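In these entries I record what I looked up about the interior of this structure. I began with enclosed space and then turned to the nonpolar cores.

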Amino acid sequence: MFVDLIEALRCPRPHDESQLVVAAGRVVDRHIMEGTLGCPVCGAEFKIVAGITQFEMPGRPTPAQEPDAELGLRIAAFLELTDAKGFAILCGTWGAQLDPIQRVADTPLLLVNPPTHYGGEPAGVVLCDAVPLAASCARAAALDHDMAATQMASVVRAVRQGGRLIGPAALSLPAGVTEVARDETLWVGEKPGAVRFVELKKGGG
């Protein structure tokens with residue numbers, strides 16, 4: 001988990017929203033590989049193991065998918081990943097396209113319940129039910145085909161106003177998202193309103 005992403009994380013339990021605090025055990029190039037996130041409100045603790053933050057364990061594994069250079073290019077274009085400001089969310093099977101996207105875009109990417117094997121270097125990986133992020137902290141998101149309604153709503157909430165979302169054509173457009181384009185494979189949507197996002201800083205050490 002990239003250290004600058006920690007400020008966007010929230011406890012998934014039902015209480016007043018609060019930033020989590022981190023006790024880092026092992027850090028490599030500003031990525032926390034081993035550690036614990038703690039909630040100052042309810043006292044819950046969530047482990048970071050091998051760089052993966054375990055909020056909840058998904059009920060079933062995300063199916064593997066082959067990386068596709070053309071698809072990665074389309075995702076980057078549709079989500080408007082034009083620079084390294086902010087971060088975007090890839091849910092489920094979209095995580096398999098991490099490496100193709102990173103070949104054409106510098107935007108940090110957070111993977112939510114990705115397949116076991118993926119290429120590239122994500123800004124973070126979380127295993128969860130509802131996505132534990134602050135409102136309006138992400139610049140864009142890719143929604144997976146079999147997401148539960150509550151999980152999808154949590155992702156939409158995390159995307160800033162004016163941010164882009166994509167989803168498979170068979171997935172219903174979520175509430176609060178306006179469709180801007182569609183083809184036989186996916187739709188592109190947008191959250192209306194002003195632009196606001198959390199910027200991730202790059203650095204060594």
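Entry 1, the cavity lining. I asked which element supplies the largest share of the lining of the largest cavity, and I found that this is β9, with 4 residues. The model I consulted is a predicted one. Both β8 and β9 give two or more residues to this lining. I noted the lining residues as Leu79, Glu80, Arg139, Ala140, Arg160, Gly162, Gly163 and Arg164. Sorted by class, they are 2 nonpolar, 2 polar and 4 charged residues.

Entry 2, the cavity volume. I looked up how many cavities of 30 Å³ or more there are, and the count is 1. The space in the largest cavity comes to about 30 Å³.

Entry 3, the largest nonpolar core. I recorded 40 residues in this core, where Phe87, Ile89 and Leu133 have the most contacts. I then listed the elements that give two or more residues to it: the strands β2 (31-38), β3 (45-49), β5 (88-91), β6 (109-112), β8 (138-142) and β9 (159-168), together with the helix α3 (149-158). Of these, α3 gives the most, with 4 residues.

Entry 4, the contacts of Leu133. Leaving aside residues up to four places away in sequence, I found that Leu133 touches Ala8, Leu9, Arg10, Phe87, Ile89, Leu110, Arg157 and Ala158.

Entry 5, a further core. Apart from the largest core I noted another, of 19 residues, including Ile75, Ile101, Val125 and Ile166.

Technical notes: Residues are numbered from 1 along each chain as its sequence is written. This is a predicted model: local features need pLDDT of at least 70, side-chain atom pairs count only at pLDDT 80 or more; totals for chains, interfaces and linings use all residues. Side-chain values use heavy atoms; hydrogens and water are left out. A nonpolar core is a set of buried Ala, Val, Leu, Ile, Met, Phe, Trp, Tyr and Cys residues joined through side-chain atoms within 4.5 Å. Buried means under 20% relative accessible area, exposed over 50%, partly exposed in between (1.4 Å probe, protein chains only). Contact means heavy atoms within 4.5 Å. On a 1 Å grid over the protein atoms alone, a cavity is a set of points where a 1.4 Å probe fits but cannot get out, and a pocket is an open set with protein on both sides within 12 Å along at least five of seven lines; lining residues have an atom within 4 Å of a point. Grid points are joined across faces, edges and corners, and a volume is the space filled by probe spheres set on the points. Ala, Val, Leu, Ile, Met, Phe, Trp, Tyr, Cys and Pro count as nonpolar, Asp, Glu, Lys and Arg as charged, and the others, Gly among them, as polar.
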